[in-house]
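User: I've got a two-chain model open and want to talk it through. Can you take my questions one by one?

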Amino acid sequence: MDQITSILILALPLCMFLLLGIFGNKMSHKMAGILGTLGMGVTLILAYSTAFTYFFSGNELFVDAAGNRLQHLVFDQTWLAFTQHLVIKLGFLLDPISAMMLVVITTISFMVHLYSLGYMHGETGFQRYYAFLSLFSFSMLGLVVATNIFQMYIFWELVGASSYLLIGFYYTKPSAVSASKKAFIVTRFADLGFLIGILILSFYTETFDFMTMTNAPENVLASTGGAVFMGGSVLTWALVLIFMGGMGKSAMMPLHIWLPDAMEGPTPVSALIHAATMVVAGVFLVARMFPVYLMEVTALEIVTVVGALTALYAAIVACTQVDIKRVLAFSTISQIAFMMVALGVARPDIHEGVGYMASMFHLFTHAMFKALLFLGAGALIHAVHSNDYTAMGGLRKYMPVTHITFLIGCLAIAGIWPFAGFFSKDEILVAAFENNALWGVWMTAVAGLTSFYMFRLYYRIFWWNEPDYEHHGHVPHDAPWTMTLPLIILAAVSVVAGFIPFGELVTWSREAYEIHINWTVAGTSIAVAVAAIALATVMYRKENELPDKLASRFKGLWTAAHHRFYFDELYMFITHKIIFNLISRPIAWFDRHIIDGTMDMFATVTNKVSYAIRGLQSGNVQTYVWVYLLGTLLIAAVAVICLV
Amino acid sequence: MDYSQFLAMKQEIGLLVVFLLVFLFDTFMPKKAQGSLSGITCLLFALFTAAGFCPCQLADADAFAGMYVTSPVMVTIKNILNVGVLIVLIQSCRWANSDIQIMRRGEFYELLLVTLFGMYLMISARHFLLFVIGLEAASLPLAAMVAFDKNRYESHEAAVKYILTAVFSSAVFLMGLSFVYGLTGSLYFAKIYEALSVSPESPMLIVALAFVIAGVGFKLSLVPFHLWTADVYQGAPTSVTSYLSVISKGAAAFAFLVILVQVFGTVYSQVWEWMLYAIIILTITIGNLFAIRQRNMKRFLAFSSISQAGYIMLGVIAYNYVGMASMMYYILVYVFSNLAAFGVISAIENKTGLVGMDDYKGLYKTNPRLSVAMMLAMFSLAGIPPFAGFFSKFFIFTGAIQQGSIAIYVLVLIALINTIVSLYYYLLVVKAMFISEDECKVAPFRSSCSERLGLWISVAGIVFLGIVSCVYNYLLELSASSDIFAGL
């Protein structure tokens, strides 16, 4: 892989961002859209060729004699060298997961670019939208190819910033503004943990490099010298804090509250950022550091527990939401939690760490079908101008393409053979069962819930009862080709992606590994999924009283789930009532009176002195020379007196 | 005499060639062809600047029995100055071609190139005679340049003030030199160094050192040798002011470092560390205190440049190669930042004649691009990240702290506090341009191509120098391998 290509992969989106950002206003909408899409298209080709070369060329840079894949530094440039150890580098690391992520990001990003041509047609700020998309793509690509944890942190913040910009794209809408702020603040709070984790880790290991850390993780462990802090080893603390950053970005409980609100952004953005790419950054982070996590199993167990709880929680909440994008958002949270659990239960002694492979596999397939679902949702919203499924129903007749592709997406996420989700989810369940039967049963149950809420959504949108579309003035219809083409492509990918021999491409030790489908586990999970789908069919295929009855029967649970188990209220209470009153107010007082007062005093004194000595500058050249001479003599005299 | 030693002076010879070509063109070309004089000068100088970056320049050599020395570090600092001069030349095109100046713009270019030649000698000299020649060549023609706006009263006044102070400071400097000669019996840097390392410090040496510092400190406008600065900067044509504030200062700062280290290195901790210590505190603080009150942009930048010179001196007092590298980097960044500011001022002055800070109120509404350029310049001068000025301040503080003594920590702390004060007055300009609701006195206008080109270069420097880290790393490597600190 030559350096030019790798630099171009990053430089093209960045240049597009600058171009569209600076000169966007002088371009027509069409021009800006086409430019952005073309730029992304070229990046896509470059990324594909990079990934293809990496996986299949057999070049000795990428594969050793035994067939193990190698990590390859395409380049690694020192950017800031503070001291000998404290060196920040910028580079491009090519290994199985980064190559895979390149494919995922550029594919989805390109689809979204193309799709947005239709979806965002005529919006004000169209050029700005494309500029931000490019900025995001650049940041995300930089994140996955980072050679060291600091570079990752830089791009980590950049994706956060671009996500903020895109969520708040409709900045005249108060809900969008507050959603973007919420996303930024919550993820920033998590990143605080991430940063502290980085600092602890690099303090002990004296390096930021991923390769140094992951190729000899025992050195990382040794470097901490068994230091202990509050009952946990320092390394555990560092890893958990780093994971906290991942929790924020990947919307793990209890830091998940921003993701549902982030749906205020344009739907293609939700597909790109809040379903397929940025939100899996946390998973990617843990995967990147995985060998180090293996050194501290406690940290991995925390990952598992957080993932499992989040998966169940999000699945339950998804069953009660009305807004189709919110349903998908909670589904995303739940699916990412699946990936986290897979990482958490992976151990090298279980099927050569099948969980790691399963997690990456699921990341890949999920990106495809979840983007598909979101883009489908976008098409629906575009057609009926509402986010709520109550405004939909019976749409299968009006929007056949959207219907079929959406159904494929639902089948894929439900894990029905032969759709992509089946294969990856099956591997996750295998890994969970092998680790601990509890996790296996737990995750199978969550998978069942997944099938249920997805088909609930599907039936409510495409079947159920048809509202009076004529009455609203227009009949919904399929979107233009720029929007349906990405749907069809992604649907096709969702059908076939499961057959990719992922075990041969991405494993934690980078050795090829053959996937065996464990039919006991797979059979169970399919049975559960089919049962859940059947239940959903009974409840939602035609309009009936059953759902309402059930809801009123379990009123407490239903209301709680509908309100997302009051997490937002809890946060509101903690921040507004406790933190604001007990901490912020006193600090504000201190700031206003003591700190400002001191500063004001400084300012006053400075001003007074400045006023007092203004006479020195008399404009009189004789004085100047006098001062000059006296100054010289004074310096000399003082020096003589002091030093001799 | 071995004439091949002239080949060591590649850059000086190149500069002389440029000078001669410009001179001949100006003198002998027919009137019709004269219109392109500015363009030709810029082009020639650009070629010369580019040639300076040729790796073949990077060699150690000396000439005239060691009076003249060149090395990669010297070449680099000259290159930095060249870049600055190039921007000054580009920015001054419009002024030089204005109706009043057009008949004498040739002299402007020639004087400028001659002073630059003098600065080259100051940097490369390793013998005080050559140094004095350089110093005078770099000082006296400047008086003529300051007086270039013949029909403006302030320009005369400034020139007179400048020449009087310059002559006076030369006298003090020479006086100091004669003391040094009397003490050591030589004017070679190396020989003085040797002689001083045997004989302990004496009151005479201290006085001599004070005089030398005063002489060079005049060029750097260090307090208390700075009083001429504001009047001269205000009175001189803006192009000359920008040249004075940036190029002249950068060259003098580097020469100052060379003298203090290579000649008086042995008495660093006993004598001049403390002299410089006091001077730096005074310079930064007094520069800031006066800058707060200024309402005239040129005068304001004069005081700002005084306090910036104090920061540059931190690189000298650090007394190690990191300090030198950070000083060179600081000068480079300062060149871009200050020239961006002067570029905006001269563009507006050329168009409207306004230079008051109050005239800049609401400028963003009428001339958004100029305002943004000015804002970037102010941010960079104040040291706001991620602009280059932040990094240059950061590195120069790092360099100083590496010296290690507690006194230096205190000095850096004082400098840091002063950056807060400076933030205030730099932001005053930004506030006037962006926040003030007043009707702007400057009508919307389109600046000329040359002005825009100069500003684009400066702004690019401000934005990218901080991020493109290889620049500083390169300077650091260069300094580490240079022999300026080798004898210590």
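What follows is a run of questions and answers on this predicted model.

User: How many helices and strands does chain A have?
Analyst: Helices and strands are both present in chain A, and buried residues make up 52% of its 644 residues. The count for chain A is 26 helices and four strands.

User: What radius of gyration does chain A have, set against a compact globule?
Analyst: The C-alpha trace of chain A spans about 100 × 65 × 50 Å along its principal axes. For 644 residues, a compact globule would come out near 26 Å, and the chain agrees with that. The value for chain A is 28 Å.

User: What percentage of the contacts in chain A with a separation of 6 or more come from residues 24 or more positions apart?
Analyst: Take the contacts in chain A whose partners have a separation of 6 or more, then pick out those at 24 or more positions. That share is 79%.

User: Which way do β1 and β2 of chain A run, parallel or antiparallel?
Analyst: β1(A) covers residues 72–81 and β2(A) covers residues 87–94, with eight bridges joining them. They form a hairpin with five residues between them, and F75(A) stands opposite F92(A). The two strands run antiparallel.

User: Which helix of chain A gives the most to the largest nonpolar core?
Analyst: That core has 217 residues, and V341(A), L343(A) and A371(A) touch the most other members. The helix that gives the most to this core supplies 22 residues and spans 354–384, namely α16 of chain A.

User: Which tryptophan does V341(A) touch?
Analyst: Leave out residues up to four places away in sequence, and V341(A) still touches a list of residues that includes T304(A), G307(A), I428(A) and M443(A). The tryptophan on that list is W439(A).

User: Which helix supplies the largest share of the side of chain B that touches chain A?
Analyst: In this contact, 31 residues of chain B meet 25 residues of chain A. On the chain B side, α6, α8, α9 and α11 each supply at least two residues. By class, that side has 22 nonpolar, five polar and four charged residues. The largest share, nine residues, comes from α11(B).

User: Is α4 of chain B largely enclosed or largely open, and why?
Analyst: Helix α4(B) runs over residues 105–124 and reaches 29 Å from its first C-alpha to its last, close to the 28 Å expected. Of its 20 residues, 16 are buried, so α4(B) is largely enclosed by the rest of the structure.

User: Which proline follows the cis peptide bond of V223(B)?
Analyst: Chain A has a cis bond too, from M253(A) to P254(A), with omega near 0°. P254(A) lies in the loop between α9 and α10 of chain A. For V223(B), omega is about 10°, and its partner lies in the loop between α8 and α9 of chain B. That residue is P224(B).

User: Y566(A) has a positive phi; is it buried or exposed, and why?
Analyst: Y566(A) isn't a glycine, yet its phi is about 60°. Its place is the loop between α24 and α25 of chain A. With 12 C-beta neighbours inside 10 Å, and 12 or fewer being the cut-off, Y566(A) counts as exposed.

User: What phi does A65(B) have?
Analyst: A65(B) lies in the loop between β1 and β2 of chain B. There are 10 other C-beta atoms within 10 Å, so A65(B) is exposed. Its phi is positive in a residue other than glycine, near 55°.

Technical notes
Residues are numbered from 1 along each chain as its sequence is written. Chains are lettered from A and ligands numbered from 1 in the order in which they are written. This is a predicted model: local features need pLDDT of at least 70, side-chain atom pairs count only at pLDDT 80 or more; totals for chains, interfaces and linings use all residues. The expected span of a helix is 1.5 Å times one less than its number of residues. The radius of gyration is taken over C-alpha atoms; the globule rule is 2.2 Å times the number of residues to the power 0.38. Two residues are in contact if their C-beta atoms, placed from the backbone, lie within 7 Å. Two strands pair if DSSP finds at least two bridges between them. Ala, Val, Leu, Ile, Met, Phe, Trp, Tyr, Cys and Pro count as nonpolar, Asp, Glu, Lys and Arg as charged, and the others, Gly among them, as polar. A nonpolar core is a set of buried Ala, Val, Leu, Ile, Met, Phe, Trp, Tyr and Cys residues joined through C-beta atoms within 7 Å.
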